[in-house]
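Student: Could you take me slowly through one part of this structure? I would like to see how a single chain is put together and how it meets its neighbour.

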Amino acid sequence: MGVTNAFKALAVVTALALPASAAAQETSVIGVSIPAATHGWAGGMNYHAQEAVNRLEEAYPQLDFVLATASDPGKQVSDIEDMMATRDIDALVVLPFESDPLTGPVKRVAEAGKWVTVVDRGLSEDGIEDLYVAGDNPGFGRVAGEYFRQQLPDGGKIVVLRGIPTTIDNERVEAFQAALEGSGIEILGMEHGNWNRDDAFTVMQDFLSKYPEIDAVWASDDDMAVGVLEAINQADRAEEMWVLGGAGMKEMIKRVMDGDRMIPVNVTYPPAMIASAIEMTALKFVSNAPVSGRFIIGSVLITPENAESYYFPDSPF
Amino acid sequence: MQPAPQTTARPSAAAGHAPVLALAKVSRSFGPVQVLFDVDFDLYPGEVHALIGENGAGKSTMMKILSGYLEPTSGEVTLDGAPVSFASSEDAEDRGVVLIHQEFNLADQLSVEQNIFLGREIKRGFLLDHKAMRATTNELLERLETKTPAWATVSKISVPEKQMVEIAKALSREARVLIMDEPTAVLTRNEAEILFRQIERLKAQGTAILYTSHKLDEVARIADRVTVLRDGRHVLTAPANELTEDAMAEAMVGRELSNLFPEKTKTSAAEAVLSVKDFSIPGIVENASFELRKGEILGFAGLVGSGRTELMEGLIGIRPATGEIRVNGKARQIRSVDDARKAGIAYLTEDRKERGLLLNQGMRANLTLLALKKFSRVLIDRDAEEKALDRSIREFDIRAPSREIRVANLSGGNQQKLLLAKTMLAEPEIVIIDEPTRGIDIGTKQQIYQFVRRLTDEGKSVIIISSEMAEVIGLATRVAVMRRGRIAGTLEGEDINEDAIVRLAMGLEGRKAEGNG
Amino acid sequence: MANATTAGKAAVKNGRPAIDLHVIGPIVALIVLIIIGALMNPNFLSYGNVTNVLARSAFIGIIAVGMTFVITAGGLDLSVGSMAAFIAGLMIIVMNALVPTLGTGWPTILAGMAAALAIGFAAGLFNGLLITQARIEAFIVTLGSMGIFRSLVTWLADGGTLSLNFSVREVYRPVYYDGIFGIAWPIIVFLAIAALGEIVMRHTAFGRHCAAIGSNEQVARYSAVHVDRARLAGYVLLGVLVGVATIMYVPRLGSASSSTGVLWELEAIAAVIIGGTVLKGGFGRVWGTVIGVLILNLIENILNLTDLVSPYLNGAIQGVIIILAVVLQRQKKATR
């Protein structure tokens, strides 16, 4: 399914869902388990989840939501077990912290006959979930790589900041490297900035000390881009390079919109996917719409031309 | 140092024929400092052998070598006539040589029973055999005539009880050689008597017992043979009945000891510097009232646990208390040690290791801690501190191998002198000294008595708390005796004698002596 | 000690043994690291890199100076990282709120700084009172407040990031990036606080009392030390220093979020211990802490500047160095 198609599909589903007949039915309980807001993107995702839950509870009195945020995989497993044991949920929407540790517990939920929606990070075993809604991690890296290729046709020297060492990060970086293959672009160095501004600042400072010549930076995340930009400004080397972040933080979109030379473009990885997933799951219980399957929300390049449609000044991210 | 006359003696007839444990020409050094010089020693089955000497004479080192805690630098240890080199103290224990430390080796949070079997638990399969261990423990405790229950947590039992647990632990190891480092230092007379009976019993069973004590009367009573160490050298070994207490003391000190106690001060009707009225500490001290006169030494006697220490801790604001305190006629509120210091009252704790001195710090930091305000405006004047340390070392004859030494490595006597110096640096008018000579050798004791006496000459007033009857009698001009949290009576002048004190302490005197205060 | 009589007469200043690993260990480690760094990368000793490393050491460094006092007095504070995030968040909110009245210049920033110090003071007081008055273990109290501060900042930021007003930020920015005589402000503040801390630790009654309480609280109490007061003062001092660190931190990125200051507490504690302060208390040295902070930051810097090991292993290298530093100090004790 293409990028725009997926979005359209979601839009249709959402449109169906909202004016639904609030027929007096048995109350259904939907559990939502997501990682805590430990960085910008997760903060946005938390915001969208909460917002979706509030909206849907308002619209459908027969739906009841249990929202839990976890700061580590262990806590998330406990959350899910508690939901099963004490809240008797009918469906689970889960954005797994890590794939492997969550696979078993989520599988048990599915085996108990509950509806399972998995968001963003796939489980280690296929066929557990009824519905899968995810961002396109390889696409995220590929789109970024292609942009680098296009901007540096004669090759060049770049540095890369990676996220927290996870499957997501690996998929992105592998796709990015694959896209660069044969382009003559040399990756001088890759270090983990852990999707954190402070860490990215430090790593970039050291890159700047180490490499006298850098043409561009793939910060791979907008939080990290903030730290990277600050380090570049401090070293007074802003003229020399540009930076590509990712995930569509509103401040960064704004700079793309304004035609900032250092932030020419951005790549989407919408935190709102959790809201879509919750809505589609809710739909299962309030209508007979067929909602199962896999929905991949592709990553697109945000350019000054289309930036306006990705700019949400009220979102926290 | 002249070589002392060597006397060797055979053990009493009751003892076995060959020594079970012996040292031959054993020396030991710590770095550049040699602490034992070619010591010869033997211990026979079925004898009680007392090892005496001043603090720092090398007794502890010798005992540690005998029990596998230390290895000799040179010389030989023989067990049953064969040279032996214990790999560790456990190895020594496995071969029947057990050392009971002066500082207990008990796990505070475990029960008496768990401690006794620590590391040697009786098991049935993989599980602990609680029943068997409880039975053995009860039997051991009964033998030792202690009322401590086997399930009691060690942190909650008293010091003498801990001593008994240590002994029970050693008995459970079926020790052939039992080495005891000042076992009676923390025991009351009664408890010591029980211990002596145990020693007799073990001896009759053929156990060899090595024992150190600063209480020479005890040594004279229970030891078969006595070995004296001085400055790391063997001075003499002789049957106990051939040595008088004076001879033992002189052999230890290496010089003739004049009178142990200084001449008493004469206090007539001097005015009271401290008067305490209706002083109570909930649950411990009830309505204590007493007066301390200027320039006198007031003794506080009574059994361990009669509330003497607690009363004084209440006076200096460490324990919450009610009652009236007047210093030089002026009522004072004392809520902290700092308040007490400002009122001119200083207290020397009986527990110098846990309450008196910072063992892991040097002498200077310890010396000035109480009177630190004198040395600091914004910054601490280190030169002034050094000078104060110089003065104290001189004045109190503190002997340390180096100025930078950690206080933990000072001998007990020198620690006590340092504590005394620290307290006097705060220039108190009233000095309360709790157990001034606990665990201290006779030479240092005499010195400390002189210091105390000198304080009164300087016009200061002193309270001495002591469990050693002789000390109270020898030093104090008046003696208050406590019993069960009350002051049972006060004795003065000719009336101060052992009999009178014991009668008051045991509650035999009724109310007769009261009102003398 | 056995030779008391003879040795006593020689009770003169013969000092310590010539080489004490416990004392010089951290310095040697630092020098070795500097040599390694210089050999690995010619830019290592460049002005830019040295400034970077020192300036980024400043936040943890300033906090670690305060932590040295708390640990020396036998305490611990796990909340400092969260506290820094919390203070940074509140400070940004306060400054943003003051823009309409005080404008976007220094008055707003000074008010923000005052707020940071006041909040730090209050946070330290909160920890200290619970520990000294309610008599709860420091570990538990600060573990609790760690969670409280962290949640509060997440809540204040709505799960996202709090950003300082752009114009204020432009005025405030030089506090991190500029300096005098080519030395950045964070470095100046850090070194000044470290120097003051060393003097307080070594030459004032407060420092002496901290060491006394840490080595034996009973002895301190019997020696007329106001134990609770001194411990409380330690936590308050630490809180204020966290405020100072935050004042230097906010102008760097102009933002605070729930990920600000994560694990700073452990880095600060590690720096203190590497520097030779005893974790159980009783002995502390501020200069050692400064070296500890530099060691930790240099390791990271060197690993970034070279391609010696996989970046996955950075944490392992740091861990090994921390443990080694402590092992070296232990060995000294064992031979006593």
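**A close look at chain C**

Tutor: Before turning to chain C, a word on a neighbour: in this predicted model, the domain assignment of chain B gives domain 1 (1-96 + 175-257) and domain 2 (270-344 + 460-517), and the centres of these two domains of chain B, taken over C-alpha atoms, are 39 Å apart.

Chain C itself is built from 15 helices and four strands. Its radius of gyration is 21 Å, close to the 20 Å that the globule rule gives for 336 residues, so chain C is as compact as a globular protein of that length. Along the principal axes, the C-alpha trace of chain C spans about 80 × 55 × 40 Å. Of the 336 residues in chain C, 55% are buried. If you consider the contacts in chain C with a separation of 6 or more, 79% of them are between residues 24 or more positions apart.

Now look inside. In soluble globular proteins, nonpolar side chains tend to be buried together. Here the largest nonpolar core has 185 residues, and the members that touch the most others are C:Ile63 and C:Leu241. The element that gives the most to this core is α12(C), with 15 residues. To see how C:Ile63 is placed, leave out the residues up to four places away in sequence: C:Ile63 then touches C:Val80, C:Leu241, C:Val242, C:Ala245, C:Trp264 and C:Ala268. A second, separate core of 100 residues includes A:Ile89, A:Trp115, A:Ala175 and A:Leu180.

Next, follow chain C to where it meets chain A: 24 residues of chain C are in contact with 27 residues of chain A. On the chain C side, α3 (47-72), α12 (227-253), β4 (255-257) and α14 (286-305) each supply at least two residues, and the largest share, four residues, comes from α3(C). By class, this side of chain C has five nonpolar, 16 polar and three charged residues. The helix α12(C) therefore deserves a second look, since it gives 15 residues to the largest core and also supplies at least two residues to the side that touches chain A.

Across that boundary, chain A is divided into domain 1 (3-135 + 270-298) and domain 2 (137-267), with 31 Å between their centres, taken over C-alpha atoms. Nine residues of domain 1 of chain A are in contact with 13 residues of domain 2 of chain A, and the domain 1 side of that contact divides into two nonpolar, five polar and two charged residues.

Terms used:
Residues are numbered from 1 along each chain as its sequence is written. Chains are lettered from A and ligands numbered from 1 in the order in which they are written. This is a predicted model: local features need pLDDT of at least 70, side-chain atom pairs count only at pLDDT 80 or more; totals for chains, interfaces and linings use all residues. Two residues are in contact if their C-beta atoms, placed from the backbone, lie within 7 Å. Ala, Val, Leu, Ile, Met, Phe, Trp, Tyr, Cys and Pro count as nonpolar, Asp, Glu, Lys and Arg as charged, and the others, Gly among them, as polar. Domain bounds come from an automatic or database domain assignment. The radius of gyration is taken over C-alpha atoms; the globule rule is 2.2 Å times the number of residues to the power 0.38. A residue is buried if 20 or more other C-beta atoms lie within 10 Å of its own, exposed if 12 or fewer, and partly exposed in between; C-beta atoms are placed from the backbone. A nonpolar core is a set of buried Ala, Val, Leu, Ile, Met, Phe, Trp, Tyr and Cys residues joined through C-beta atoms within 7 Å.
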